[in-house]
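Good morning, and thank you for making time for this item. I should like to take you through one model, beginning with a pair of side chains and ending with the overall form.

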Amino acid sequence: FSPLTKVKLINELNEREASLGVNESVSWHTEYKDSAWIFVGGFPYELTEGDIICVFSQYVSHNF
């Protein structure tokens, strides 16, 4: 799946859980609530983790 398709599927899952009144304790959110993962879109797939770190470290060092 493309990243945008994954985001769409997650949004659909969220809506379904909300419409069904799924208890938070059994929601997928509970399992991943302490996760450090974030979605970053718009970057070429060829970039490495190091490239992404460089991009964000430049932002942080110039904006704080």
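Let me begin with Tyr-32, which has a relative accessibility of 46% and therefore counts as partly exposed, since that class covers values between the 20% limit for buried and the 50% limit for exposed. Please keep in mind throughout that this is a predicted model.

Tyr-32 shares helix α2 with Trp-28; four residues, or about one turn of the helix, separate the two. Trp-28 is also partly exposed, at a relative accessible area of 26%. How many aromatic pairs are there? The count is two. For Trp-28 and Tyr-32, the ring centres lie 6.3 Å apart and the planes meet at 55°, so this pair is classed as tilted. The reasoning rests on the angle: planes under 30 degrees apart would be stacked, and those over 60 edge-to-face.

I turn now to the loop that follows. Phe-43 sits between α2, residues 28-32, and α3, residues 49-63. Its relative accessibility is 30%, so Phe-43 is partly exposed. Which residues accompany Phe-43 in a nonpolar surface patch? They are Ile-38, Val-40, Leu-47, Val-55 and Phe-56. Together with Phe-43, these residues present about 470 Å² of accessible area.

Next, the N-terminal helix. α1 covers residues 3-20 and includes Val-7. Val-7 has 31% relative accessibility and so is partly exposed. Although Val-7 and Phe-39 are 32 residues apart along the chain, their C-alpha atoms are separated by 8.8 Å. α1 itself comprises 18 residues and extends 26 Å from first to last C-alpha, close to the 26 Å expected at 1.5 Å a residue. Directly after α1 comes Gly-21, with a positive phi of about 70°.

Finally, the chain as a whole. There are three helices and zero strands, and the order from the N terminus is α-α-α. Why is the chain described as more spread out than a compact globule? Its radius of gyration is 16 Å, whereas the globule rule gives 11 Å for 64 residues, and the value is therefore well over that reference. The C-alpha trace spans about 45 × 25 × 20 Å along its principal axes.

As for exposure, 3% of the 64 residues count as buried. The accessible surface of the chain is about 6000 Å², and carbon and sulfur atoms account for 60% of that area.

Thank you for your attention.

Terms used: Residues numbered from 1 in each chain as written. Predicted model: local features only at pLDDT ≥ 70, side-chain atom pairs only at ≥ 80, totals over all residues. Heavy atoms only, no water. Patch = residues over 30% accessible without salt bridge, like charges linked within 9 Å, V, L, I, M, F, W, Y side chains within 5 Å. Areas by Shrake-Rupley, 256 points an atom, 1.4 Å probe, with all protein chains shown as cover. Salt bridge = Lys/Arg side-chain N within 4 Å of Asp/Glu carboxyl O. Buried < 20%, exposed > 50% of the residue type's maximum accessible area, 1.4 Å probe, protein only. Phe/Tyr/Trp six-rings, centres within 6.5 Å; stacked < 30°, edge-to-face > 60°. Expected span 1.5 Å × (residues − 1). Rg over C-alpha atoms; globule rule 2.2 N^0.38 Å.
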